[in-house]
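Please look through the sequence and the model before reading on. The notes below go from the whole chain to its sheet, its helices and a few single residues.

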Amino acid sequence: MIIAPPIPAAPNLAAAPAAAYSGSLENVFISACLDGAVSLSDQDAQPVQFDSLPKALKGKLGTPEKTQVWMLQRPGHSYLYMAEYADRDLSPKVCGLASDQLKIKPAREVLAARLNGATGDNNAVTTEWHFPEDGYFALASRVREYTVLQVNQMSDFQRQEALRNR
């Protein structure tokens with residue numbers, strides 16, 4: 001199955017054809033959420049309901065209008081998810097990966113390298129990278145026992161505010 005996110009690849013991130021499942025969770029996130037698509041076999045991932053996500057993560061994601069969630073077939077609990085929001089001024093589209101098998105520091109370092117951004121404070125629970133000119137921001141965070149890598153499309157309001165506050 002090819003999973004393509006609802007967020008178009010940003011201009012500063014070269015769009016790639018659907019990448020084969022490359023093994024590391026960080027690479028699955030980068031392929032799906034930043035490069036535009038990832039190809040996963042039925043042995044790699046199984047579609048599940050939004051309610052299958054950990055309770056704390058569901059709480060952070062709120063009530064999306066449309067969702068797609070896959071449980072990755074690997075040790076522990078790892079999920080790739082996409083959500084769309086109809087009546088929301090903030091982040092109308094979200095693509096992310098949450099795993100209880102992913103360490104925050106190395107995940108943050110891989111994402112920072114991919115985004116050509118700073119890794120931030122080594123003890124930070126959340127690190128964000130903002131690209132308002134391209135219409136998105138990315139984050140690496142901890143939500144309870146899960147490390148979350150996520151990219152959010154910016155609403156027009158968010159883009160204007162971020163560009164004004166630079």
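How many helices and strands does the secondary structure of the chain come to? The count is four helices and 10 strands. The model is a predicted one. From the N terminus on, the order of the elements is β-β-α-β-β-α-β-β-β-α-β-β-β-α.

**The chain as a whole**

- The chain has 166 residues, and 46% of them are buried.
- Among contacts with a separation of 6 or more, 55% are between residues 24 or more positions apart.

**The sheet**

- Seven strands form an open sheet in the order β4-β5-β6-β7-β10-β9-β8, and the pairing is antiparallel.
- The edges are taken by β4 (45-48) and β8 (126-131), each of which has a single partner strand, so one side of each is left without a neighbour in the sheet.
- From one strand to the next, the twist averages 15°.

**Strands β8 and β9**

- Strand β9 covers residues 136-143 and runs antiparallel to β8, with six bridges joining the two.
- Two residues of β8 show how the strands line up: T127 has A140 in β9 as its bridge partner, and T126 has S141.
- Four residues lie between the strands in this hairpin, and G135 takes a positive phi near 85° there.
- In a regular strand, side chains alternate between the two faces of the sheet.
- Strand β8 shows this alternation: T127, W129 and F131 point to one face and are buried, whereas T126, E128 and H130 point to the other face and are not buried.

**Helix α1**

- Helix α1 (residues 25-34) lies across four strands, namely β5 (66-72), β6 (78-84), β7 (93-99) and β10 (146-153). The helix runs at about 170° to β7.
- Why is α1 described as largely enclosed by the rest of the structure? Nine of its 10 residues are buried, so little of the helix is left outside that description.
- The buried residues of α1 are L25, E26, V28, F29, I30, S31, A32, C33 and L34.
- One of the residues in α1 is A32, which has 0% relative accessibility and therefore counts as buried.
- A32 and G96 are 64 residues apart in sequence, yet their C-alpha atoms are 8.5 Å apart in space.
- Just after α1, G36 takes a positive phi of about 115°.

**Helix α3**

- Helix α3 (residues 104-115) packs on the sheet, where it touches β8, β9 and β10. Its direction makes about 170° with that of β9.
- The length of α3 can be checked: at 1.5 Å a residue, its 12 residues should span 16 Å, and the end C-alpha atoms are 16 Å apart, which agrees.
- Which residues of α3 are buried? They are I104, A107, R108, L111, A112 and L115.
- Seen down the helix axis, these buried residues fall within an arc of 130°, so they line one face of α3.
- An α-helix has 3.6 residues a turn, so residues three or four places apart point the same way.
- The buried residues of α3 pack against α1, β8, β9 and β10.
- Just after α3, N116 takes a positive phi of about 55°.

**Two further residues**

- N152 is found in strand β10. Is N152 buried or exposed? Its relative accessibility is 7%, and buried means under 20%, so N152 counts as buried.
- The side chains of N152 and Q150 are joined by a polar contact of 2.9 Å.
- D156 lies in helix α4, which covers residues 156-164. D156 has a relative accessible area of 58%, and exposed means over 50%, so D156 is exposed.
- D156 and P132 are 24 residues apart along the chain, and 9.5 Å separates their C-alpha atoms.

Terms used: Residues are numbered from 1 along each chain as its sequence is written. This is a predicted model: local features need pLDDT of at least 70, side-chain atom pairs count only at pLDDT 80 or more; totals for chains, interfaces and linings use all residues. Side-chain values use heavy atoms; hydrogens and water are left out. Two strands pair if DSSP finds at least two bridges between them. Axes are lines fitted to C-alpha atoms, for helices over the stretch in contact, and angles run from 0 to 180 degrees between N-to-C directions. Contact means heavy atoms within 4.5 Å. The expected span of a helix is 1.5 Å times one less than its number of residues. Buried means under 20% relative accessible area, exposed over 50%, partly exposed in between (1.4 Å probe, protein chains only). The arc is that of the directions from the helix axis to the C-beta atoms. A polar contact is a pair of N or O atoms within 3.5 Å; within protein, one must be able to donate a hydrogen and the other to accept it, and residues adjacent in sequence count only if both atoms are side-chain atoms.
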